[in-house]
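Me: Could you take a close look at one part of this model for me? I would love a connected account of the aromatic rings and what lies around them.

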Amino acid sequence: MSVVRSSISIAAPPQRVWAVVMDPRRLGEWVTIHRELAGVSSDPTHEGARMEQVLHLRGADIRVRWLLVECSEPHYARWEGRGPARSNAHIEYRLTATADGTKFDYQNEFRPPLGAVGALASRTVMGQTPQREADRSLAALRHLIERSST
């Protein structure tokens, strides 16, 4: 299992940040590895919502089916994802109001197929790419939200 954590402060209230991060149609505006939204529930902000996303990692497109398993607007969301070859991931968004806006905490736990052997292979192939892309995505999110508030 690999875990990626990233945090960023955004000069906007939690509700505005929530509106962007929970809108699957806006993923392409800030998630650096997002390529396509293949399907989404009619109301993607409630527990039980589903979406299918195509991600691009290390030259390959990967299709992931996501299920929103926990949601407390506008503070917390947890998605469970199923990818190819029985790989899976858990993504958490935590939004905390601050004096200057919102602290956005992101966590992604990824479990590759084949247990420990798959985890070793994944770390070898992926290196620091997941952390770098998470940091870049959150920077893009901040830029997107702060730019639109002026």
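**The aromatic cluster and its surroundings**

Reply: Gladly! Trp30, Tyr93, Phe104 and Tyr106 are joined into a cluster by ring pairs. Please keep in mind that this is a predicted model. With ring centres required to lie within 6.5 Å, the count of aromatic pairs is four. One of them brings together tyrosine 93 and tyrosine 106: the ring centres are 6.3 Å apart and the planes meet at 35 degrees, so this pair is tilted. It links distant parts of the chain, since tyrosine 93 sits in strand E6 (residues 88–98) and tyrosine 106 in strand E7 (residues 101–111), 13 residues apart.

Are these two tyrosines buried or exposed? Taking under 20% relative accessible area as the cut-off for buried, tyrosine 93 qualifies at 7%, and tyrosine 106 is buried too, at 15%.

Now to the nonpolar core. The largest one has 34 residues, and those with the most contacts inside it are Met22, Trp30, Trp79, Tyr93 and Phe104. Helix H4 (residues 129–148) gives this core its largest share, five residues. In soluble globular proteins, nonpolar side chains tend to be buried together.

Tryptophan 30 deserves a visit of its own. Leaving aside residues up to four places away in sequence, tryptophan 30 touches Val20, Val21, Tyr93, Ser137, Leu138, Ala140, Leu141 and Leu144.

Next, the sheet that holds the two tyrosine strands. It is an open sheet of seven strands with antiparallel pairing, in the order E1-E7-E6-E5-E4-E3-E2. Strand E1 (2–10) and strand E2 (34–40) stand at the edges with a single partner strand each, so one side of each has no neighbour in the sheet. On average, neighbouring strands are turned by 20 degrees against each other, direction ignored.

At the E1 edge, E1 and E7 pair in the antiparallel sense over nine bridges. If you would like one to find on screen, serine 9 has lysine 103 in E7 as its bridge partner.

Two helices complete the picture. Helix H1 (residues 14–21) packs on the sheet and touches E1, strand E4 (60–72), strand E5 (76–82), E6 and E7, with its direction at about 160 degrees to that of E6. H4 also packs on the sheet, touching E1, strand E3 (50–57) and E7, and its direction makes about 20 degrees with that of E1.

Technical notes
Residues numbered from 1 in each chain as written. Predicted model: local features only at pLDDT ≥ 70, side-chain atom pairs only at ≥ 80, totals over all residues. Heavy atoms only, no water. Phe/Tyr/Trp six-rings, centres within 6.5 Å; stacked < 30°, edge-to-face > 60°. Helix = DSSP H or I, 4+ residues; strand = E, 2+ residues; numbered from the N terminus. Buried < 20%, exposed > 50% of the residue type's maximum accessible area, 1.4 Å probe, protein only. Core = buried A, V, L, I, M, F, W, Y, C linked by side-chain atoms within 4.5 Å. Contact = heavy atoms within 4.5 Å. Pairing = 2+ DSSP bridges. Axes fitted to C-alpha atoms, helices over the stretch in contact; angles between N-to-C directions.
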